[in-house]
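Reader: I'd love a close look at one part of this model, the first helix, and how it sits against the rest of the chain. Could you walk me through it, starting from the overall picture?

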Amino acid sequence: RFLRMVFRDAGSVVDAVPDGDRRRTTLAVRHPRQIAHALESHHHGEDMFLWDDLERRSPACALHVEQMRAQHAEIEKHLTALGASVDAWRASTRRREAIAVREQLDRLTAALDDHLGQEEIDILPVAATSFTPAEWGRLEHHGRRTVPPRWLFIQLGFMLESMPAAEQR
């Protein structure tokens, strides 16, 4: 929910920056960079701690794991394109480049929606019965270790915001 929400809403940050406003562009580019970093960290953790073990423990899930890896590669291409668009926007501060950032965000969000949807349906139920709490903790530890401390509370806020009110506590 967190990743879906922040990528879906990131376009509004881009859209809010007036053409040629260097100060606001400089501030606004931080958001897509931070959420891209969060996604990269999430995927890196899965690549390191999930896929190989899941294939060994649940061979019937191998096809789904292969699909997840292919989707990670596709999403990485989108993240690279987003990074280039963000850099171009920051350098120019022009609306044309902001629109390119927005378009990259839209493409990435669509790919991410498909990927995360499939992950929830095909991977999480199997992984939930294939890993111990301590093994899940490796992913959590990796995530916390890769997020710069100054971003932790921002990400926590986004995570809480993405949850239904009844689950926030």
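**Helix 1 and its surroundings**

Author: Happily! Please keep in mind that this is a predicted model. In this protein of 169 residues, 41% of the residues are buried. The fold has nine helices and zero strands, so the pattern along the sequence reads simply α-α-α-α-α-α-α-α-α. The radius of gyration is 17 Å, close to the 15 Å that the globule rule gives for 169 residues, so the protein is as compact as a globular protein of that length. Its C-alpha trace spans about 55 × 35 × 25 Å along the principal axes.

Contacts across the sequence matter for your question. Counting contacts between residues at least 6 apart in sequence, 80% join residues at least 24 apart. Helix 1, which covers residues 2-15, gives us some examples to look at.

Let's begin with Leu-3. Setting aside residues up to four places away in sequence, Leu-3 touches Ala-38, Leu-39, His-42, Leu-112 and Leu-116. Leu-3 also belongs to the largest nonpolar core, a set of 26 residues, where Leu-3, Phe-7, Leu-39 and Trp-89 touch the most other members. The elements that give two or more residues to this core are helix 1, helix 3 (30-49), helix 5 (62-92) and helix 6 (95-130). There is also a second, separate core of nine residues, with Leu-50, Val-65, Met-68 and Phe-131 among them.

Next comes Arg-4, also in helix 1. With a relative accessibility of 19%, Arg-4 counts as buried, because the cut-off is under 20%. Beyond its neighbours within four places in sequence, Arg-4 is in contact with Asp-113, Leu-116, Gly-117 and Glu-120. Leu-116 is thus a partner of Arg-4 and of Leu-3 as well.

Further along helix 1 sits Ala-10. Ala-10 is buried too, with a relative accessible area of 1%. Apart from neighbours within four places in sequence, its contacts are His-31, Ile-35 and Leu-105. The C-alpha atoms of Ala-10 and Thr-109 are 9.6 Å apart, although 99 residues separate the two along the chain.

As for the outside, the accessible surface of the protein comes to about 9,400 Å², and 57% of that belongs to carbon and sulfur atoms. If you are thinking about electrostatics, there are 23 positive and 26 negative side chains, and the centres of the two sets lie 8 Å apart.

Note on methods
Residues are numbered from 1 along each chain as its sequence is written. This is a predicted model: local features need pLDDT of at least 70, side-chain atom pairs count only at pLDDT 80 or more; totals for chains, interfaces and linings use all residues. Side-chain values use heavy atoms; hydrogens and water are left out. Helices (H or I, at least four residues) and strands (E, at least two) are DSSP runs, numbered from the N terminus. The radius of gyration is taken over C-alpha atoms; the globule rule is 2.2 Å times the number of residues to the power 0.38. Buried means under 20% relative accessible area, exposed over 50%, partly exposed in between (1.4 Å probe, protein chains only). Contact means heavy atoms within 4.5 Å. Accessible areas come from the Shrake-Rupley method with a 1.4 Å probe; for residues, only the protein chains shown count as cover. Lys and Arg count as positive and Asp and Glu as negative; His and the chain ends are not counted. The place of a charge is taken as NZ of Lys, CZ of Arg, CG of Asp or CD of Glu. A nonpolar core is a set of buried Ala, Val, Leu, Ile, Met, Phe, Trp, Tyr and Cys residues joined through side-chain atoms within 4.5 Å.
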